[in-house]
There are 2 protein chains.
Amino acid sequence: MSSRPFNFSAGPAVLPDEVLAQVAAEMLDWRGSGMSVMEMSHRGPEFSEIAQTAEADLRDLLQVPANFHILFMQGGGLAENAIVPMNLSQLNASGKVDVVVTGAWSKKSAQEAARYADVQIAANGAATRYTDLPAAAEWQLRADAAYVHVCTNETIDGVEFHQLPDLKALGSDAPLVIDCSSHQLSRTIDWSRVGLAFGGAQKNIGPAGLTLVYVRDDLLGKALPICPSAFDYRVVADAKSMYNTPPTFSIYVAGLVFQWLKRFSYAGKTGLAAIEQRNIDKASLLYTALDQSNLFENRVALHCRSRMNIPFYLRNEALNGVFLDGARARGLLQLKGHKSVGGMRASIYNAMPLEGVQALVAYLTEFETQHG
Amino acid sequence: MSSRPFNFSAGPAVLPDEVLAQVAAEMLDWRGSGMSVMEMSHRGPEFSEIAQTAEADLRDLLQVPANFHILFMQGGGLAENAIVPMNLSQLNASGKVDVVVTGAWSKKSAQEAARYADVQIAANGAATRYTDLPAAAEWQLRADAAYVHVCTNETIDGVEFHQLPDLKALGSDAPLVIDCSSHQLSRTIDWSRVGLAFGGAQKNIGPAGLTLVYVRDDLLGKALPICPSAFDYRVVADAKSMYNTPPTFSIYVAGLVFQWLKRFSYAGKTGLAAIEQRNIDKASLLYTALDQSNLFENRVALHCRSRMNIPFYLRNEALNGVFLDGARARGLLQLKGHKSVGGMRASIYNAMPLEGVQALVAYLTEFETQHG
């Protein structure tokens, strides 16, 4: 298994070898049940145990408070861009939603929310081409907004909030909604500042098709009448994510990832603290190499560089193809940048080992020596 | 693998052993790519090939005409109960939707559609406790309905349309929408009578979390403004199901099931014709045993008995627990009926071998000898 190449895909993305090996081993017979997990009724005792364990482990890892529901849903971040305002935009009857635009994803969120709410762009990083976060002190927040939306890690632009905004300190009583799709479970979350968090699973958690929603209990029950039952957080919470058939196999794989994380150790730490430390070390290694280079560059401001998604550019773009070919030949996969911004992108999620980043850095150095 | 028990779950449900074995074998490295299918970018060449092949094979199996789009979506049948009217209820500006209620599922569809449309129950099988289908000639269809909704196989009640209604012959020009979740791909579909078909994958196709939608091209582009982009058929069709990240792994497993079906042979036939013949034979075997019994009974009218979901009851309900315990001891799993109707239910989807039904029939006979 150690001979697998290193996969830098932005998502769906690399999963731990040992999780995949366990999935393969249990494929035809989950623990003597005589069934694959794919074949189990979602209401049977076997799958109920799988789902309950997964939720408990996730709650434990992220220290999700008891007054938050964890929902297993479908549709990914893009669907949540509609589902969130369908559930929350009438929280206080203002129908107002403030969105901080920090990159491609929050921009999409603002556009979609406008189908359901009076949306205001509270701040926009466009002036810096999304290489920096607009300072929180300058956000234009409306006193009667139903909620404030922030994308805490922009997958395409590579900017990350390293501290969640404190809306109360900014004079707002609105709940904060965070789209944490692409750095979910890579670090701790300060739940005291959050009303709702959501994220697709396909970065740090498991197969595409599963969406995690963490929602504070007092925000439920205000869905618009046009909100489909299957996407009404109150309905989903009351049914413990079994209102419709959930993506059972994806929940199972996610549960194995949670268990892998709980036993993960690094630098004298275990669990989420350990993976966060490794994520810091991996990102630091790669940013240092990029900053010391004359050929490669990352353009994001130092204080908000993403630990997960690191876009970088060759100063000589004519070398892009040669670079990608060489990377692939060395077993460094899926490094091509998003089509909207070009260049390269290394997504170094939880399951990317330190050795993967070391191999990439070694290749950067070697490539610069040859072509720099 | 032949020692696996027989799994009669109504869904998620049994999958072919050889498909599961292939999934396990390819788990860490899909065909030399160095990646699990779960780890592939949905826009990369490897997954594009998987998705395109799956769609082409499904189109071939079901003989889906070129003017129908096949969409890979999320949310299952329950979400489609909202997504269909969000897309189609304003097809002709009447906002009227006629629903034929034949059991638990179409009843739910009617309730959910009422969020978006002026819903009329065109006919209702409640008088027969959903043991018979209301005769098409007696349906109350409105001339200006945007569409007519029918559930062609009721998973809980065990009634199936063995011929699709011909709305034109009934004097209606409205497109027919069919919820075919629980018998999808078990038989041919007469597309000349259909405008849109949908179904969750978790019966005959693959893991829960994937929804198949087959929609005629001329029905696109009329979605309500409050329809989320991720569920707007026009948007999904234009993006070839890649508007948001699709449930990639489920599509992959579905694709393997399609290939299994294409090479399936039985009684001198191959492909869909072969599986349909086996489904007829399996259902016939089980219904004959039930009808000849003094202890067990199926209550559905002969002309509309489902080939997929066969509810049955013990005339002495005090024996239910003993029956289920004995079944489990013989490797006959998940036979308990739906909680809303009680009794037993044998779901005998495509992947259930003839031997599974034979084993069940043998057990019925043996049980009746002991307890009848």
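**Close-up views of a predicted two-chain model**

**Figure 1. Helix H6 of chain B.** Helix H6 of chain B, residues 248-263, holds 16 residues, and its first and last C-alpha atoms lie 23 Å apart, close to the 22 Å expected at 1.5 Å a residue. The model shown here and in the other views is predicted. Twelve of the 16 residues of H6(B) are buried, so the helix is largely enclosed by the rest of the structure. The buried residues begin with an unbroken run in the legend's listing: Thr248(B), Phe249(B), Ser250(B), Ile251(B), Tyr252(B), Val253(B), Ala254(B), Gly255(B), Leu256(B), Val257(B) and Phe258(B), with Leu261(B) completing the set. Against these buried residues pack three helices of chain B, H1 (17-25), H2 (45-62) and H7 (271-292), together with strand E2 (68-73).

**Figure 2. The relation between the two chains.** A turn of 180° with a shift of 0.0 Å along the axis lays chain A on chain B with an RMSD of 0.0 Å. That is the relation of a two-fold axis. The same surface serves both copies, as 100% of the contact residues of chain A recur in chain B. Ala24(A) is the residue of chain A that comes closest to the rotation axis, its C-alpha atom lying at 2.2 Å.

**Figure 3. The side of chain A that touches chain B.** In this interface 58 residues of chain A are in contact with 58 residues of chain B. Three helices of chain A, namely H1 (17-25), H3 and H6 (248-263), each supply at least two residues of the side that touches chain B. H1(A) gives the largest share of that side, five residues. Sorted by class, the side of chain A that touches chain B comprises 31 nonpolar, 21 polar and six charged residues.

**Figure 4. Helix H3 of chain A and its kink.** Helix H3 of chain A covers residues 76-88, and at 1.5 Å a residue its 13 residues should span 18 Å; the end C-alpha atoms are 18 Å apart, which agrees. Within H3(A), a kink of about 30° lies at Ala82(A), shortly before the proline Pro85(A). H3(A) is mostly covered, with 13 of its 13 residues buried. H3 is also one of the helices of chain A that supply at least two residues to the side touching chain B.

**Figure 5. The loop after H3 in chain A.** Ala93(A) lies in the loop between H3 and strand E3 (96-101) of chain A. Its phi is positive, about 70°, although Ala93(A) is not a glycine. Ala93(A) has 10 C-beta neighbours inside 10 Å and therefore counts as exposed.

**Figure 6. Cis peptide bonds before Pro12 in both chains.** In chain A, the peptide bond from Gly11(A) to Pro12(A) is cis, with omega near -10°. Pro12(A) sits in the loop that runs between strand E1 (6-7) and H1 of chain A. In chain B, the bond from Gly11(B) to Pro12(B) is cis, with omega near -10°. Pro12(B) is placed in the loop between strand E1 (6-7) and H1 of chain B.

**Figure 7. The loop before H6 in chain B.** Lys240(B) belongs to the loop between helix H5 (233-238) and H6 of chain B. Phi of Lys240(B) is near 50°, a positive value in a residue other than glycine. With 16 other C-beta atoms within 10 Å, Lys240(B) is partly exposed.

**Figure 8. The loop at Ala318(B).** Ala318(B) is found in the loop between strand E14 (309-314) and helix H8 (320-329) of chain B. Ala318(B) counts as exposed because it has 8 C-beta neighbours inside 10 Å. Ser241(B) is 77 residues away from Ala318(B) along the chain, and the C-alpha atoms of the two are separated by 50 Å.

**Figure 9. Chain A as the setting for the close-ups.** Chain A contains nine helices and 16 strands. The radius of gyration of chain A is 21 Å, close to the 21 Å that the globule rule gives for 372 residues, so chain A is as compact as a globular protein of that length. Its C-alpha trace spans about 60 × 60 × 35 Å along the principal axes. Of the 372 residues in chain A, 55% are buried. Among contacts in chain A between residues at least 6 apart in sequence, 68% join residues at least 24 apart.

Definitions and conventions:
Residues are numbered from 1 along each chain as its sequence is written. Chains are lettered from A and ligands numbered from 1 in the order in which they are written. This is a predicted model: local features need pLDDT of at least 70, side-chain atom pairs count only at pLDDT 80 or more; totals for chains, interfaces and linings use all residues. Copies are superposed by least squares on the C-alpha atoms of residues with pLDDT of at least 70 in both. Two residues are in contact if their C-beta atoms, placed from the backbone, lie within 7 Å. Helices (H or I, at least four residues) and strands (E, at least two) are DSSP runs, numbered from the N terminus. The expected span of a helix is 1.5 Å times one less than its number of residues. The bend at a residue is the angle between axes fitted to the seven residues ending there and the seven starting there. A residue is buried if 20 or more other C-beta atoms lie within 10 Å of its own, exposed if 12 or fewer, and partly exposed in between; C-beta atoms are placed from the backbone. Ala, Val, Leu, Ile, Met, Phe, Trp, Tyr, Cys and Pro count as nonpolar, Asp, Glu, Lys and Arg as charged, and the others, Gly among them, as polar. The radius of gyration is taken over C-alpha atoms; the globule rule is 2.2 Å times the number of residues to the power 0.38.
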